[in-house]
Amino acid sequence: MNRADTLVTRMAEEIIKQVKGYALQEPVYGLIVCYSTENGAFPPWIALGTARERAQLSEECDPEDLYALLWSGENLELYDPIEALEENTAFLDDYAAWLGEAESDGLLPERATSLALRVCFALAKADWPDICPVTGDFAVLCNDQKCEWLWDNAEVLLDEAQKHALREKYYLPG
């Protein structure tokens, strides 16, 4: 298994453990893997959007701006680092080595996006109703700090029916 594979596996495992640990009672519409493509990209954080938060944002926001608020992570109550990995020296060493490679070849934005997408694909395979309560349109997405890659990431991660359903409600641009 190469370094990126190891990072993806470890992040997905720890994210699932962390979400289970929240012992959520309210349904979640989305898990967002939030990543950075600038200034020495930090390991991704996670955000969970609840149905309550989505309903509140839907009432308060212009529909054209809604998707960015729903999927940015920073606007949500549960926006946290992957706690178990923050102090895991082996993981941080692997991540630093991966980051050094990505920065040295000038492909950090592309590599950070690729790594986050791979984590999302791994997470999408999980049995989410066993992990936490989810809405019928639950999705796993990743997003960079400026929402510049959100639509491209959604194109890759979601099937056509999911994209259509989310776009219809202004939960995704399009």
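**Notebook: Lys-163, helix α8 and the rings of α5**

I began with a polar contact, in which the side chain of Lys-163 meets the side chain of Glu-155 at 3.2 Å. I note at the outset that I am working from a predicted model, and that every value below is computed from it.

I then looked up where Lys-163 sits, and found it in helix α9. Is Lys-163 buried or exposed? Its relative accessible area is 1%, and because the cut-off for buried is under 20%, I entered Lys-163 as buried. Leaving out residues up to four places away in sequence, I listed what Lys-163 touches as Trp-151, Ala-154, Glu-155, Leu-158 and Leu-172.

Ala-154 led me to helix α8, which spans residues 150–157. Which residues of α8 are buried? I found Leu-150, Asn-153, Ala-154 and Leu-157. These residues lie on the same side of α8, because the arc they cover around the axis is only 100 degrees. I next asked what covers them, and the elements I recorded include the strands β1 (28–35) and β4 (134–144), together with the helices α3 (63–71), α6 (108–124) and α9 (160–168).

Leu-150 came up again when I looked up Trp-71, whose contacts, apart from neighbours within four places in sequence, are Tyr-29, Gly-30, Ile-32, Ala-139, Leu-141, Asn-143, Leu-150, Tyr-171 and Leu-172. Leu-172 is thus listed for Trp-71 and also for Lys-163. In the largest nonpolar core, which has 57 residues, Trp-71 is among those that touch the most other members, along with Ile-15, Val-19, Leu-31, Leu-123 and Trp-128. As background I wrote down that nonpolar side chains tend to be buried together in soluble globular proteins.

My last search was for aromatic rings. How many aromatic pairs are there? The count comes to five. In one of these, Phe-91 and Tyr-95, the ring centres are 6.0 Å apart and the planes meet at 25 degrees, so I entered the pair as stacked. In another, Tyr-95 and Trp-98, the centres are 5.2 Å apart with 40 degrees between the planes, and the pair is tilted.

Phe-91 and Tyr-95 both belong to helix α5 (residues 89–104) and are four residues apart, while Tyr-95 and Trp-98, also in α5, are three residues apart; each spacing is about one turn of the helix. An α-helix has 3.6 residues a turn, so residues at such spacings point the same way. I found Phe-91 and Tyr-95 buried, and likewise Trp-98. I closed the entry with the cluster that ring pairs make of Phe-91, Tyr-95 and Trp-98.

Notes
Residues are numbered from 1 along each chain as its sequence is written. This is a predicted model: local features need pLDDT of at least 70, side-chain atom pairs count only at pLDDT 80 or more; totals for chains, interfaces and linings use all residues. Side-chain values use heavy atoms; hydrogens and water are left out. A nonpolar core is a set of buried Ala, Val, Leu, Ile, Met, Phe, Trp, Tyr and Cys residues joined through side-chain atoms within 4.5 Å. Buried means under 20% relative accessible area, exposed over 50%, partly exposed in between (1.4 Å probe, protein chains only). Contact means heavy atoms within 4.5 Å. Helices (H or I, at least four residues) and strands (E, at least two) are DSSP runs, numbered from the N terminus. The arc is that of the directions from the helix axis to the C-beta atoms. A polar contact is a pair of N or O atoms within 3.5 Å; within protein, one must be able to donate a hydrogen and the other to accept it, and residues adjacent in sequence count only if both atoms are side-chain atoms. Rings of Phe, Tyr and Trp (its six-membered ring) pair if their centres lie within 6.5 Å; planes under 30 degrees apart count as stacked, over 60 as edge-to-face and the rest as tilted.
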